[in-house]
Amino acid sequence: AVVGRALRETGAALKHHTGLEVFTRHRPKMAFLNHRPFQTNDTFIAPTASVIGNVTNWDESSVWYNAVVRADSGFPITIGFLSNVQEGAVVTTLSSPKDAIDSDPLKNVGHSNATGDGVVVAGGEVGKVLETGFPPITHIGHYSSIGSGSVLVSCRIDDLVDVGDKCTILEGAWVESNVILEPGSLVPPYTRIPSGGRWGGNPIKFLGDLGDGAKEGIKKKAEGRGVMAKEHTVEFLPVGSTYLHLEELEKEGKTAIQG
């Protein structure tokens with residue numbers, strides 16, 4: 001730790017001594033294998049977020065700073081109306097086609113290919129599936145909030161779900177509507193969380209029923225994030241604002257390098 005800090009401070013001192021300024025060309029959205037992220041006009045994707053591949057962001061949804069939504073394994077990710085993926089969260093699907101094949105109940109039939117586009121069995125396209133029988137997509141419904149630092153992998157989150165900070169929801173899990181997951185909860189693979197309750201713990205366990213006020217609070221939280229997203233949207237141009245930073249550095253007579 002001491003050596004790492006010394007190296008960082010030395011690098012910062014050298015950069016300051018040279019007089020060079022660093023600007024970034026980070027791309028919040030990136031196509032992957034001919035799949036480009038889709039977003040509506042009122043979707044907010046933060047400048048430092050990463051949305052990659054076959055991702056659909058519906059109306060007024062938002063992906064916040066340093067969050068990663070990565071659909072690069074051949075299976076899509078959907079983020080519903082007024083839902084939000086908060087700071088530093090990671091939403092993805094199974095990391096490789098082999099993961100899906102290993103959990104495919106048809107794996108003993110004899111697959112003729114193992115590409116990310118689906119498994120061909122007896123000449124027919126059936127698609128790779130989990131033990132539940134569903135493909136390993138990730139679905140986030142409407143009015144749902146995914147807390148900061150959470151990790152979602154090939155799971156289904158229904159409408160009106162509040163996932164607390166630093167939760168982990170693994171493949172095949174299904175969280176039904178009107179559910180609150182307490183921060184730090186772990187939902188094991190293929191776990192079903194029924195509607196109308198508060199859950200928490202590692203592993204997850206039932207903590208109690210939700211009253212009408214708590215259920216309404218889930219929707220209000222999502223709506224509040226939606227309002228905040230609109231405020232942030234007006235601060236950023238669709239093409240980014242990197243060039244503004246570069247122009248300011250040039251006016252000051254500084255030499256800039258791309259970081």
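Let's start with one residue: Thr56 counts as buried, because its relative accessibility is 18% and the cut-off for buried is under 20%. Keep in mind as you look around that this is a predicted model. Thr56 sits in strand β6, which covers residues 55–57. Leaving aside residues up to four places away in sequence, Thr56 touches Phe38, Ile77, Thr78 and Ile79.

Now move along to strand β8, residues 68–71. Which way do its side chains point? They alternate along the strand. Val69 and Ala71 point to one face and are buried, while Val68 and Arg70 point to the other face and are not buried.

Strand β8 also has partners that you can trace. With strand β5 (residues 50–53), β8 runs parallel, and four bridges join the two. Find Val51 and look across to β8: the bridge partner there is Val69, one of the buried residues you have just met. Strand β8 pairs with strand β11 (residues 90–92) too, again in the parallel sense, this time over three bridges. Here Arg70 stands opposite Thr92 of β11.

Next, step over to an open sheet formed by eight strands. Their order is β4-β7-β10-β15-β18-β21-β24-β25, and the pairing is mixed. The edges are β4 (44–45) and β25 (205–209); each has a single partner strand, so one side of each is left without a neighbour in the sheet.

Inside that order you can pick out β15 beside β18. Strand β15 (residues 145–146) and strand β18 (residues 161–163) pair in the parallel sense over two bridges. To see them line up, find Ser145, which stands opposite Asp162 in β18.

Terms used: Residues are numbered from 1 along each chain as its sequence is written. This is a predicted model: local features need pLDDT of at least 70, side-chain atom pairs count only at pLDDT 80 or more; totals for chains, interfaces and linings use all residues. Side-chain values use heavy atoms; hydrogens and water are left out. Buried means under 20% relative accessible area, exposed over 50%, partly exposed in between (1.4 Å probe, protein chains only). Two strands pair if DSSP finds at least two bridges between them. Contact means heavy atoms within 4.5 Å.
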